[in-house]
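Please consider the arrangement of aromatic side chains in the structure shown below, and then the strands and overall composition of the chain.

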Amino acid sequence: KNVIKNPTKSDTGYTFIGHTRQGSAGYGKTLDNAHPFIIDGTFVIAHNGTLQNHEELLTNYGIDEKFSVDSKALGTLINRYGFNILNEYVGYAALMMTDVNDPGTLMVYHGQSRIIKNGAVTEERPLYFLETKEGVYFSSLRESLLAIKEEGNEDPKNLIYNRVIFFEKGIYNAEKTIDINREDMNVGINMKSSCSTYWPETANTYNHYHQQQGVV
């Protein structure tokens with residue numbers, strides 16, 4: 001019912017974030033619970049994953065507000081206290097973020113951690129990207145990127161893990177990356193279910209790609 005007009009190109013670029021979400025225990029399928037969320041009137045976040053300790057983090061940082069969705073709590077923590085919060089959450093996350101005051105900037109992140117001490121480090125939630133002539137697309141579904149690519153040499157690639165990456169006007173800004181240390185944050189937890197759909201897929205292409213592009 002809502003018509004989204006084609007944005008006009010300008011020197012600031014533009015950002016579009018969409019999200020589809022499966023129903024899950026504790027969170028009703030309502031408009032108020034639908035991603036992306038606008039936090040404090042300006043910060044926008046979409047989250048694929050689920051968190052276990054968001055209420056504890058809210059208490060630790062002195063936030064006494066109540067949130068109907070863990071993603072809203074995470075967005076509030078990030079907006080008010082910065083991206084270092086991503087070092088502290090217990091659970092799983094792939095994130096897309098922007099600010100309405102800076103429409104040409106997109107911040108993306110997905111975590112990698114282990115659940116067994118000294119075990120393998122595994123992807124928390126998938127996040128792929130596709131570079132095209134008109135800009136950069138991101139999705140937790142590789143298939144959706146394959147559906148929109150127009151040239152044979154375009155190929156979805158896995159986003160590098162445990163790093164907040166900034167795109168400004170569709171261009172990667174290496175000077176703004178923020179490394180996150182998550183490897184042991186999920187050791188010993190029992191996450192029975194996820195509030196967002198997860199399609200596990202082994203992805204080994206991002207290391208080769210980022211080496212080619214000089215992204216370390």
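F129, F138, F167 and Y172 come together as one aromatic cluster in this predicted model. Within the cluster, the rings of F167 and Y172 form a pair. Their centres are 6.0 Å apart, and the planes meet at 55°. The pair is classed as tilted because this angle lies neither under 30 degrees nor over 60. The two partners do not share a burial class: F167, with a relative accessible area of 8%, is buried because the value falls under 20%, whereas Y172 is partly exposed because its relative accessibility of 27% lies between the limits of 20% and 50%.

Two strands can be followed from here. Strand β7 covers residues 128–132, and β8 spans 135–139. The two run antiparallel and are joined by five bridges. At one position along this pairing, T132 stands opposite G135 in β8. Both strands belong to an open sheet of three, in the order β8-β7-β9, with antiparallel pairing. The edges of the sheet are formed by β8 and by β9 (157–158), each of which pairs on one side only. In general, the strands of a sheet pair through backbone hydrogen bonds, in either a parallel or an antiparallel manner.

How many aromatic pairs does a search of the whole structure find? The total is five. One of them is formed by F83 and F166, with an edge-to-face geometry: the ring centres are separated by 6.0 Å and the planes by 85°. This pair links distant parts of the chain, since the two residues are 83 apart. F83 lies in the loop between α2 (70–81) and β3 (91–99), while F166 belongs to strand β10, residues 163–168. Both F83 and F166 are buried.

A further ring, that of Y89, has a charged partner. The charged end of R182 sits over the Y89 ring, at 3.4 Å from its centre.

The chain as a whole can now be considered. It contains four helices and 12 strands, and 45% of its 216 residues are buried. Of the contacts between residues at least 6 apart in sequence, 63% join residues at least 24 apart; the pair of F83 and F166, 83 residues apart, links distant parts of the chain as well. The exposed area of the chain is about 12200 Å², of which carbon and sulfur atoms supply 48%.

Notes:
Residues numbered from 1 in each chain as written. Predicted model: local features only at pLDDT ≥ 70, side-chain atom pairs only at ≥ 80, totals over all residues. Heavy atoms only, no water. Phe/Tyr/Trp six-rings, centres within 6.5 Å; stacked < 30°, edge-to-face > 60°. Buried < 20%, exposed > 50% of the residue type's maximum accessible area, 1.4 Å probe, protein only. Lys NZ or Arg CZ within 6 Å of the ring centre and 35° of its normal. Contact = heavy atoms within 4.5 Å. Areas by Shrake-Rupley, 256 points an atom, 1.4 Å probe, with all protein chains shown as cover. Pairing = 2+ DSSP bridges.
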